[in-house]
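Subject: Structure handover and notes

Hello,

Please find the structure below, with its sequence. My notes on what was found in it follow.

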Amino acid sequence: MSMLQQVSVAKKANVHFNGKVISRSVVLADGSKQTLGVVLPGEYEFSTAQGEIMQVISGEFDVLLPGQTEWVIYATGSQFELAPNVSFSLRTAQISEYCCQYI
């Protein structure tokens with residue numbers, strides 16, 4: 001799906017890592033929440049509070065999932081799922097975009 005329809009968007013951005021990761025919170029008509037974000041080149045560690053499905057909209061992410069020792073590449077159009085209350089590492093060599101759905 002290339003468009004989110006019938007949504008409310010937060011005016012204030014979520015800014016992380018000195019502006020290298022920026023997202024906007026989106027609430028869909030059914031009340032579910034997603035974030036749309038941009039990640040500048042670099043390596044980052046994130047934590048989840050709830051389950052997430054991360055979809056790569058453009059670019060590419062190398063992801064070190066919880067409990068794993070090998071980085072996995074997720075290219076445009078792919079996605080990965082995260083459990084609640086875990087940490088994971090993400091790196092990218094290019095400007096990349098994502099959509100995070102909370103589950």
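Glutamate 97 is a convenient place to start: its relative accessible area is 35%, so it counts as partly exposed. Before going further, please keep in mind that this is a predicted model.

Glutamate 97 and its surroundings

Glutamate 97 belongs to strand β11. Its side chain is joined to the side chain of serine 58 by a polar contact of 2.7 Å. Setting aside residues up to four places away in sequence, glutamate 97 touches Gly37, Val38, Gln55, Val56, Ile57, Ser58 and Phe61. One of these, valine 38, is 59 residues from glutamate 97 in sequence, yet the two C-alpha atoms are 4.4 Å apart in space.

Valine 38 and the surface patch

Valine 38 sits in strand β4, which covers residues 33-39. With a relative accessible area of 33%, valine 38 is partly exposed. Together with Leu40 and Ile95, Val38 forms a nonpolar patch on the surface, and the accessible area of the three together is about 230 Å².

Serine 96

Next to consider is serine 96, in strand β11, which runs over residues 96-102. Is serine 96 buried or exposed? Its relative accessibility is 0%, so serine 96 counts as buried. What does its side chain reach? The side chain of serine 96 comes to 3.1 Å from the backbone nitrogen of glutamate 60. The side chain of serine 96 also makes a polar contact of 3.0 Å with the side chain of threonine 92. Beyond four places in sequence, the residues that serine 96 touches are Gly37, Val38, Val39, Ser58, Gly59, Glu60 and Phe61.

Threonine 92

Threonine 92, the partner of serine 96 in that side-chain contact, is found in strand β10. Threonine 92 has a relative accessible area of 9% and is therefore buried. A polar atom of its side chain lies 2.7 Å from the backbone oxygen of glutamate 60. The backbone of glutamate 60 is thus approached through its nitrogen by the side chain of serine 96 and through its oxygen by the side chain of threonine 92. Leaving aside neighbours within four places in sequence, threonine 92 is in contact with Val39, Leu40, Pro41, Gly42, Glu60 and Phe61.

The salt bridge

How many salt bridges are there? The count comes to one. The side chains of aspartate 62 and arginine 91 form it, with an N to O distance of 3.3 Å. Aspartate 62 is in strand β7 and arginine 91 in strand β10, 29 residues apart, and the pair links distant parts of the chain. Aspartate 62 counts as buried because its relative accessible area is 18%, under the cut-off of 20%. Arginine 91, at 29%, is partly exposed.

The nonpolar core

The largest nonpolar core has 17 residues, and the members that touch the most others are Val63, Phe80 and Leu90. At least two residues of this core come from each of β5 (42-47), β6 (52-58), β7 (60-64), β9 (79-82), β10 (87-92) and β11. As for valine 63, its contacts beyond four places in sequence are Glu70, Trp71, Val72, Tyr74, Phe80, Phe88, Ser89 and Leu90. That list includes Phe80 and Leu90, which are named with Val63 above.

Two asparagines with positive phi

Most residues other than glycine have a negative phi. Asparagine 18 has a positive phi, near 55°. Asparagine 18 lies in the loop between β2 (14-16) and β3 (21-28), and its relative accessibility of 84% is why asparagine 18 counts as exposed. Asparagine 85 also has a positive phi, near 60°. Where is asparagine 85 found? Its place is the loop between β9 and β10. Asparagine 85 counts as exposed because its relative accessibility is 65%, over the cut-off of 50%.

Regards

Note on methods
Residues numbered from 1 in each chain as written. Predicted model: local features only at pLDDT ≥ 70, side-chain atom pairs only at ≥ 80, totals over all residues. Heavy atoms only, no water. Helix = DSSP H or I, 4+ residues; strand = E, 2+ residues; numbered from the N terminus. Buried < 20%, exposed > 50% of the residue type's maximum accessible area, 1.4 Å probe, protein only. Polar contact = N/O pair within 3.5 Å; in protein donor to acceptor, adjacent residues only side chain to side chain. Contact = heavy atoms within 4.5 Å. Core = buried A, V, L, I, M, F, W, Y, C linked by side-chain atoms within 4.5 Å. Patch = residues over 30% accessible without salt bridge, like charges linked within 9 Å, V, L, I, M, F, W, Y side chains within 5 Å. Areas by Shrake-Rupley, 256 points an atom, 1.4 Å probe, with all protein chains shown as cover. Salt bridge = Lys/Arg side-chain N within 4 Å of Asp/Glu carboxyl O.
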